[in-house]
Amino acid sequence: MSMHDDIRRQLMWSRLIAVVEEQARMLMLTAFSATVREAGDLSAGVFDLRGRMVAQAITGTPGHVNSMAEAVPHFLAEFPLAEMRDGDHFITNDPWIASGHLHDITVVSPVFRAGRPIGFFACTCHQVDIGGMGQGPDGRSVFEEGLYIPPMHLARAGAPNGDLLRMIRANVRQPRMVEGDVLSYVTTNEAAGRRLVKMLDEFGEDGLETLADWIFARSKNAMIAEIRKLPAGTYENEFVLDGYDRPVKLRAALTIGDDAITVDYAGSDPASPHGINVVLNYCKAYSAFGVRCVVGPRIPNNAGSLAPIVVRAPEGSIVNVKHPWPVSARHVIGQFLPDVMLGCLAKAIPERIPAEGAACLWGAQLRGGPSVAAGAPTQSNRIGEPFEVMFFNSGGSGGRPFADGMNATAFPSGVRALPAEVVETAAPIVIWKKELRADSAGAGRYRGGLGQTVEVGTVDGAPFAFFAMFDRVKSKPRGRRGGADGTSGKVETAAGKSFRAMGLQTVPADERLRLSLPGGAGWGDPLARPPARVAADVSDGLIAREAAERDYGVVLAADGAVDEAATVNLRARRRQA
Amino acid sequence: MSEKARIGVDIGGTFTDVVLERGAARHSIKVLTTPAEPERAVLDGVGAVIAAAGLAPSDVGLVIHGTTLITNALIERKGARTALVTTEGFRDVLEMGTESRFEQYDLAIEKPVPLIPRRLRFAVPERLGAKGDVLLALDEAALARAGTALAEAGVESVAVCFLHAYANPAHEQRAREALAKALPRASFSISSEVAPEIREYERFSTTAANAYVQPIAERYLRDLERKLAAAGFACPLFLMLSGGGITDLETAVRFPIRLIESGPAGGVALAAHIARQCGLARVLSFDMGGTTAKIAVVDDAVPQTARAFEFGRVFRFKKGSGLPLKVPSVELVEIGAGGGSIASIDHLGRLAVGPESAGSDPGPACYGRGGTAAAVTDADLALGRIRPDAFAGGRIRLDEARAEAALAGGVGKALAIDAKAAAAGIAEVVDEAMANAAREHVIECGKSLPGRTLIAFGGAAPLHAARIAEKLEIDRILIPAGAGVGSAIGFLRAPVAYEVTRSVYVRLSRFDAAALNRAFAAMAEEAHAIVARAAGGRPRTERRIAYMRYLGQGHEIAVPVPLAALAPASAAIIRDAYDDAYRAQYGRLMDGVDVECVACAVVVASEAAAAAPPFAARDAGAPAPAARRMLIDPLSGRASEVPLYRREALASGAAIAGPALIEEDDTTTVVAAGFRAALDSNGYIVLERERTP
């Protein structure tokens with residue numbers, strides 16, 4: 001009796017997952033880009049010789065779920081396996097090959113054992129800068145958005161491509177950091193490659209193919225088993241967002257078949273002239289993520305588990321934009337795609353799907369200095385110290401069929417907020433408020449998560465600019481099963497003067513910017529919410545006393561306790577009405 | 001002149017371990033923990049151990065205590081009624097946290113509930129800037145109103161947490177003073193004293209936790225001191241800290257949050273002591289008990305420590321699902337893998353082990369106490385690693401038939417394999433999980449594995465150490481005696497030590513020697529005062545550390561700083577030290593990028609007064625096996641008859657070639673094929689892997 005084959009393979013599978021998790025961890029520790037280290041905006045994975053993804057690290061942003069998986073076959077098509085040598089590394093940031101905008105660089109490295117290639121490691125990481133206009137929606141084509149690196153050699157047989165590195169350094173604002181990050185991908189992929197070789201030695205395996213086939217079969221079968229638990233049929237959802245300067249309509253039809261889930265975005269709006277467009281890879285990634293949150297969430301990502309989810313979108317639409325349309329701020333649309341998917345699934349399995357939430361992150365991207373002040377310096381138009389700073393803020397997530405939505409918590413992004421104290425150390429600004437936004441959640445048996453309010457100004461009161469990339473200012477997160485809609489966001493001065501939700505704008509001297517982030521929608525009938533929970537929300541100052549009566553039919557006594565009799569009465573009257 | 005005895009007491013979930021050492025003699029005892037009144041088990045155990053040693057209370061010179069009291073109060077949410085007073089605009093810092101989800105795909109996660117509910121969080125107008133400058137004066141009237149509200153709410157303990165208070169404690173100190181008038185009986189914890197470091201969520205969370213446990217910690221510790229005195233113990237009572245040192249009662253009462261997780265820290269202190277004793281520069285400490293396994297890095301006989309710790313992960317062991325505590329702590333990874341960990345089949349039809357544990361009641365199936373699911377101990381038994389009548393010194397008779405039935409019936413049936421194959425699978429899966437956790441942890445600490453010695457203790461570790469070493473490519477394993485009470489022994493080996501950490505921001509390109517000198521001097525003064533009080537006249541050592549990173553990175557590395565006052569020219573020395581540390585961790589440097597220091601720490605220590613009891617070497621000679629057993633190798637599946645030796649019968653130097661077993665009361669060491677075992681001059685079992693080229 002030797003170790004049972006299945007157990008041996010599962011040990012190797014866990015080892016591969018451990019290797020790619022370590023690869024991802026190493027990348028986060030050394031990264032200069034804030035979204036990589038705070039948000040895990042990267043991916044890391046191992047591929048077999050046919051370019052099939054065998055294992056992938058679980059990292060912070062779903063945008064990478066399978067976009068890297070789609071990239072590796074492109075490299076194999078461009079650079080034949082037979083010509084690859086030990087020490088070769090390949091690079092690209094082509095948005096249409098990898099993950100949807102120029103800021104993400106993908107590096108693919110073949111692994112050799114006894115002179116023979118056995119597989120690949122790849123990683124995709126966000127860069128602190130890629131030249132061009134900076135990361136925002138204002139570019140009119142990808143050519144304005146930065147340096148474009150087609151698939152090419154980053155190193156040949158261990159020798160770095162010096163010409164390419166020089167080109168990169170010359171085109172970005174922080175050349176040392178970008179170069180340092182890119183070179184660290186080589187080191188990390190190589191370290192992971194050595195682990196793979198050792199694993200094959202330890203378990204006496206020749207290559208990855210047999211193991212990969214086993215992993216794919218296991219994963220795919222598990223996915224199909226999950227799909228078969230769902231009611232077959234086609235479920236549609238329509239979703240309208242604020243967009244850059246006009247509403248964006250997203251339509252999706254999700255078909256639950258016998259052994260696949262097919263998503264079709266036919267009927268979605270055409271691409272925008274602004275950089276909020278999504279390439280197909282990125283659309284697939286966020287759509288697959290939305291589906292996988294419900295269907296087989298604990299099945300690891302690989303070619304087998306991703307295969308049963310098929311995503312199509314019309315060419316030229318905002319979710320399958322063609323070259324050279326601008327794509328830099330594609331997350332503004334992309335982060336809503338999981339909610340679009342959940343909306344479809346809610347029609348199939350209404351008791352399992354949360355209500356809609358704020359979805360898109362509200363990053364406060366601020367700039368100070370001479371470029372902000374218009375015209376000659378005066379008391380009201382004085383020039384402050386130059387700075388660039390960005391901090392993340394999250395609205396509320398939707399109420400769930402079994403629990404309230406989460407207050408001020410990112411979904412679908414996995415971003416972690418930066419501490420106000422750290423932000424204030426990095427730039428001459430003061431965050432005067434960063435607190436839950438009372439009364440922003442949609443009522444429900446399970447209410448939405450609350451949004452938050454952020455107020456920020458400069459230390460010396462000098463004017464400053466901000467890059468707005470916010471949605472859900474006109475539209476609202478929608479409730480489910482009788483739950484109320486959440487509250488839309490607001491972008492204004494602390495004194496209440498409104499700003500646009502998209503584009504670069506200036507906050508005048510001695511004024512503060514106030515961002516009021518959307519609250520999540522509610523799930524289920526608010527009249528079914530236990531009165532004690534409503535009373536607790538009132539006593540915690542999360543909802544107003546009036547709202548308890550108005551939205552939930554809960555009457556409170558003077559001391560804040562539930563007036564049981566009056567509540568039963570009021571709720572009965574409401575139900576009849 | 002008779003040397004005084006020292007006693008270590010470790011309260012664990014099931015047992016309270018008590019170890020007494022005096023000269024060459026060691027006595028240990030396990031008594032059942034008494035959760036309702038933990039001091040009862042302590043007093044019983046201490047009484048029993050001095051009786052066993054034939055001593056009187058007056059013969060004891062020191063009691064060192066580690067307790068789960070703080071941990072339990074936080075987990076069970078049984079702390080004091082606590083309020084927060086904070087900066088207006090930041091009432092929800094404790095609740096918003098990092099604004100993220102710790103599990104990407106799970107829509108059902110629940111984030112940890114803050115220790116202080118919103119209705120007890122009060123905001124007052126005041127604001128400091130990042131440099132500690134006053135942007136908005138503290139509003140005294142609002143403070144007075146808050147005081148009235150706190151008194152009305154019947155608050156027993158108050159956390160005062162203002163933004164940027166690490167840079168200027170004035171507002172927090174003033175608030176404490178004013179609020180104390182309204183609440184004369186309440187305890188106060190202020191963030192500029194508990195955790196003076198930047199990052200408001202972590203600092204507030206730590207201060208809130210300290211405030212939450214302070215009243216009960218004070219009651220318990222003073223009570224225990226009184227009862228020990230009443231029983232005739234006139235000696236001081238010291239406490240084990242999560243940072244790996246011990247401290248006196250007064251410091252523990254002031255900062256009880258530093259007592260959290262002292263048990264695991266004690267285990268690592270034992271590994272550090274052994275490393276020093278044996279001159280091992282690079283060690284991996286591996287502690288595997290009934291429920292979890294803990295792995296830590298020990299370099300140059302100093303445990304790797306971290307400035308922060310995440311407590312009470314609500315979602316299994318998932319990072320981010322607990323409360324952050326800025327507490328100096330031994331950096332270790334803990335995973336749900338122990339002798340009681342239960343095997344199951346996961347959602348993909350794969351064999352999984354843990355984190356659910358059968359605990360000690362009912363325990364693994366082989367305990368015969370009603371457990372039916374196969375646990376790791378059942379697998380170890382079925383593989384022949386444990387003699388059923390010698391487990392736990394013969395106190396628990398293991399039932400092989402029950403183990404086999406559980407293995408064959410549960411996971412075995414699901415995978416269509418027999419009991420032996422299931423046992424082999426369980427052993428491999430749990431060893432793989434521990435090896436993967438160890439590897440990831442070592443990377444996270446910025447260290448590497450090759451060349452390390454594994455020091456294995458805890459009841460289950462010696463059974464699994466050899467296979468884990470193979471997976472980690474470690475060639476040397478050391479197994480001390482007394483595996484079952486490792487933490488309590490570690491308390492006796494831990495130095496009196498205290499660590500002070502503060503946020504100090506300096507860029508090397510604009511090196512401010514004066515600022516660093518001021519900060520280091522103040523921290524050193526605080527740490528020396530605390531250690532001097534507990535260490536008496538014994539010599540103290542001091543280490544200074546700067547936490548540094550490339551400008552723009554988010555993760556710092558620890559860089560040693562010279563003790564002498566820094567001069568402008570010191571920048572170059574510190575940069576060199578940074579380069580060395582960065583290169584050692586990541587293999588290469590970033591030319592032309594500036595380096596920043598974000599925090600500094602001072603660690604003052606005074607080595608433990610007593611060394612380990614000397615090992616009485618026995619006559620050399622070929623060891624005779626006490627028995628022969630069939631042992632199954634999990635990877636090949638081959639069974640072979642191997643000799644079993646009793647540890648106490650081994651002679652120093654005599655080598656045993658694997659496969660073999662070495663049995664003692666607390667555990668059994670598996671000497672796998674390819675290893676040679678010998679007893680070294682300290683009485684430790686040393687396993688060396690015979691490398692085949």
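How far apart do the C-alpha centres of domain 1 of chain A and domain 2 of chain A lie? They lie 34 Å apart, and that is a handy place to start a walk through this predicted model. We will take chain A, then chain B, and finish where the two chains meet.

Chain A is built with 14 helices and 19 strands. Laid along the principal axes, its C-alpha atoms fill a box of roughly 80 × 70 × 40 Å. A compact globule of 577 residues would have a radius of gyration near 25 Å, and the 25 Å of chain A agrees with that.

The domain assignment splits chain A into domain 1 (5-220), domain 2 (354-529) and domain 3 (530-576). Let us return to the pair we opened with. Where domain 1 of chain A touches domain 2 of chain A, 10 residues come from domain 1 and 12 residues from domain 2. The domain 1 side of this contact has four nonpolar, four polar and two charged residues.

Chain A also offers a helix pair to look at. Two packed helices are described by the angle between their axes and the distance between the axes. For helix α7 (residues 280-292) of chain A and helix α10 (residues 337-348) of chain A, the axes come within 8 Å and cross at roughly 45 degrees. Because angles from 35 up to 65 degrees fall between roughly parallel and roughly perpendicular, α7(A) is oblique to α10(A). The crossing of these two helices, α7(A) and α10(A), is right-handed. If you want to find the contact on screen, look on α7(A) for Cys283(A), Tyr286(A), Ser287(A), Phe289(A), Gly290(A) and Val291(A). Their partners on α10(A) are Leu337(A), Pro338(A), Met341(A) and Leu342(A). By class, the residues of this contact are eight nonpolar and two polar, with no charged ones.

Now to chain B. Its secondary structure comes to 16 helices and 35 strands. The radius of gyration of chain B is 26 Å, close to the 26 Å that the globule rule gives for 693 residues, so chain B is as compact as a globular protein of that length. Its C-alpha trace spans about 80 × 65 × 60 Å along the principal axes.

Chain B is divided into domain 1 (5-74 + 218-259), domain 2 (341-429) and domain 3 (496-606). Taken over C-alpha atoms, the centres of domain 1 of chain B and domain 2 of chain B are separated by 34 Å.

Here, too, there is a helix pair to visit. Helix α11 (residues 400-415) of chain B packs against helix α12 (residues 419-444) of chain B at an angle of about 80 degrees, with the axes 8 Å apart. That angle makes α11(B) roughly perpendicular to α12(B). On the α11(B) side you will find Glu404(B), Leu407(B), Ala408(B), Val411(B), Gly412(B) and Leu415(B), which meet Ala419(B), Ala422(B) and Ala423(B) in α12(B). Seven residues of this contact are nonpolar, one is polar and one is charged.

Finally, how do the chains meet? In all, 66 residues of chain A are in contact with 61 residues of chain B. On the chain A side, the elements that give two or more residues are α1 (5-30), α2 (34-39), α5 (175-203), α6 (209-228), α11 (420-426) and β14 (429-436). Of these, α1(A) gives the most, with 13 residues. The side of chain A that touches chain B divides into 32 nonpolar, 15 polar and 19 charged residues.

Methods
Residues numbered from 1 in each chain as written. Chains lettered and ligands numbered in written order. Predicted model: local features only at pLDDT ≥ 70, side-chain atom pairs only at ≥ 80, totals over all residues. Contact = placed C-beta atoms within 7 Å. Helix = DSSP H or I, 4+ residues; strand = E, 2+ residues; numbered from the N terminus. Nonpolar A, V, L, I, M, F, W, Y, C, P; charged D, E, K, R; others polar. Axes fitted to C-alpha atoms, helices over the stretch in contact; angles between N-to-C directions. Parallel < 35°, antiparallel > 145°, perpendicular 65-115°, else oblique. Left-handed = near helix turned anticlockwise from the far one by under 90°. Domains from an automatic or database assignment. Rg over C-alpha atoms; globule rule 2.2 N^0.38 Å.
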